[in-house]
Amino acid sequence: MSNSPSLPSAPPPWRTALDLALNETASDPASRFLSLATIGLDGYPSNRTLVFRGFLDDTNDLLLATDARSQKISEILRNQNCEACWYFAARRLQFRVRGKLQVIDGSNRAMGQVRIDMWRELSEAARHQFAWPAPGAERTGKPTTATNITISELTPLPPFFVLALQPSRVDVLNINFEPHRRVVHERAGETWKSTHINP
Ligand SMILES: Cc1cc2nc3c(=O)[nH]c(=O)nc-3n(C[C@H](O)[C@H](O)[C@H](O)COP(=O)(O)O)c2cc1C
C-alpha cells in the first residue's frame with residue numbers, strides 16, 4: 001500500500017477546507033480540474049490540467065489518472081517533486097499542494113486495486129482515450145479515435161496509470177477577506193503545522 005500516513009482522527013485543517021470546497025462545488029465538473037506542475041526534463045516547469053479523482057483510501061493523497069506514454073510520466077520517474085494548483089472560483093479559494101508523486105501502473109500489486117477501481121469509474125469515452133495513438137508523438141495521417149474497438153470495463157488498458165500525490169505542504173489562500181487570508185500547512189511526520197502568513 002501507500003507509504004502515506006493514515007489520517008489521524010482529526011484531518012489536517014487544509015483537508016477540512018478542501019473537503020468543504022469540494023462538497024460545495026460538487027455540481028460543477030470544472031471544480032475537479034487542477035493544474036499539476038512537474039519538473040520538465042529540460043529544467044523548465046511543466047504544467048497541465050488534470051482531473052482530481054478523489055483521495056487514496058484513508059490518506060490525504062490526491063489521486064489522478066494519466067497515460068503511461070505522456071511526457072509527465074518520464075518527468076515524474078526522474079523527479080517525483082510536484083505542485084498542484086487548484087482554484088475554486090465559486091469559493092474564492094486557492095490550494096497549492098506540494099509533494100511527491102507515486103506512479104501506479106499495472107505491475108503495482110499493492111495498489112493494483114486502486115487502479116482497477118478507477119478504471120471502472122471512467123466513462124467509456126475516457127477509457128477509449130487510452131487506445132488513442134501515443135500522446136505527444138507527431139500526428140501522421142488522419143486523426144483516429146479508435147471508437148470501433150471493444151474495451152473491457154473491468155481490465156485497464158496498459159497505458160492507464162494512476163498518480164498519487166502525497167502532500168507535504170499546502171498553501172491555502174482565501175480571497176473572500178480584505179486583506180486576503182493565507183495559511184501554509186507543513187507536514188512533520190504524522191502531524192501538520194499551520195502558519196498564517198501575509199497574502
Ligand atoms: C479539462 C482538462 C482535463 C484534463 N484531464 C486530464 C487528466 O485527468 N489526465 C491527463 O493525463 N490529462 C488530462 N488532460 C490533458 C492534459 O492537460 C495534458 O494535455 C496531457 O495529459 C499531456 O500532458 P503532458 O504532455 O505534460 O504529459 C486534461 C486537459 C483538460 C483541458
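# A guided tour, starting from Leu 36

Select Leu 36 to begin: this residue is buried, because 24 other C-beta atoms lie within 10 Å and a residue counts as buried from 20 upwards. Keep in mind throughout that you are looking at a predicted model. Leu 36 sits in strand 1.

**Around Leu 36**

Now show the contacts of Leu 36. Setting aside residues up to four places away in sequence, Leu 36 touches Arg 48, Leu 50, Leu 64, Cys 82 and Ala 84. For a sense of distance, add Gly 189 to the selection: Leu 36 and Gly 189 are 153 residues apart along the chain, and their C-alpha atoms are separated by 24 Å.

**Zoom out to the whole chain**

Switch to a cartoon view. The chain has 4 helices and 8 strands. Walking from the N terminus, you pass the elements in the order α-β-β-β-α-β-β-α-α-β-β-β. The radius of gyration is 18 Å, close to the 16 Å that the globule rule gives for 199 residues, so the chain is as compact as a globular protein of that length. Turn the C-alpha trace along its principal axes and the spans are about 55 × 40 × 35 Å.

How much of the chain is buried? Buried residues account for 24% of the 199 residues. As for contacts between residues at least 6 apart in sequence, 64% of them join residues at least 24 apart.

**Into the nonpolar core**

Next, select Ala 84, Val 162 and Leu 165. These are the residues with the most contacts inside the largest nonpolar core, which has 32 residues. To see where the core comes from, colour the elements that give two or more residues to it: helix 1 (13-24), strand 1, strand 3, strand 4 (81-88), strand 5, helix 3 (112-121) and strand 6 (160-174). Which element gives the largest share of this core? The answer is strand 6, with 8 residues.

Stay with Ala 84 for a moment, and show its contacts. Not counting residues up to four places away in sequence, Ala 84 touches Leu 34, Ser 35, Leu 36, Leu 62, Val 97 and Leu 165. Leu 36, the starting point of the tour, is thus back in view.

**Helix 2 and its two sides**

Select residues 71-78, which form helix 2, and pick out Lys 72, Glu 75 and Ile 76, which are buried. Look down the axis of helix 2: its buried residues fall within an arc of 95°, so they line one face of the helix. Rotate to the face turned away from the buried side, and you find the exposed residues Leu 77 and Arg 78. What lies over the buried residues of helix 2? The cover includes strand 1 (33-39), strand 2 (45-51), strand 3 (62-67) and strand 5 (93-104).

**The ligand and its shell**

Bring up the ligand next. It is surrounded by 14 residues, and the closest are Arg 48, Thr 66, Ser 70, Gln 71 and Lys 72. Strand 2, strand 3 and helix 2 are the elements that give two or more residues to this shell. Strand 2 gives the most, with 5 residues. Colour the shell by residue type and you should find 5 nonpolar, 6 polar and 3 charged residues.

Two of these residues have already appeared on the tour. Arg 48 is among the contacts of Leu 36, and Lys 72 is one of the buried residues of helix 2.

**Stops in the loops**

Move to Arg 92, in the loop between strand 4 and strand 5. Is Arg 92 buried, partly exposed or exposed? With 14 C-beta neighbours inside 10 Å, Arg 92 counts as partly exposed. Check its backbone too: Arg 92 has a positive phi of about 55° although it is not a glycine. Beyond its neighbours within four places in sequence, Arg 92 is in contact with Asn 174, Ile 175 and Asn 176. Add Leu 173, and the C-alpha to C-alpha distance from Arg 92 is 8.5 Å, for two residues 81 apart in sequence.

Another positive phi waits at Asp 57, a residue other than glycine, with a value near 40°. Asp 57 lies in the loop between strand 2 and strand 3. It counts as partly exposed, with 15 C-beta neighbours inside 10 Å.

For the last stop, select Glu 178 and Pro 179. A cis peptide bond joins them, with omega about -5°. Pro 179 belongs to the loop between strand 6 and strand 7 (181-188).

Key:
Residues numbered from 1 in each chain as written. Predicted model: local features only at pLDDT ≥ 70, side-chain atom pairs only at ≥ 80, totals over all residues. Rg over C-alpha atoms; globule rule 2.2 N^0.38 Å. Buried ≥ 20, exposed ≤ 12 C-beta atoms within 10 Å, placed from the backbone. Contact = placed C-beta atoms within 7 Å. Arc of directions from axis to C-beta. Core = buried A, V, L, I, M, F, W, Y, C linked by C-beta atoms within 7 Å. Near = placed C-beta within 6 Å. Nonpolar A, V, L, I, M, F, W, Y, C, P; charged D, E, K, R; others polar.
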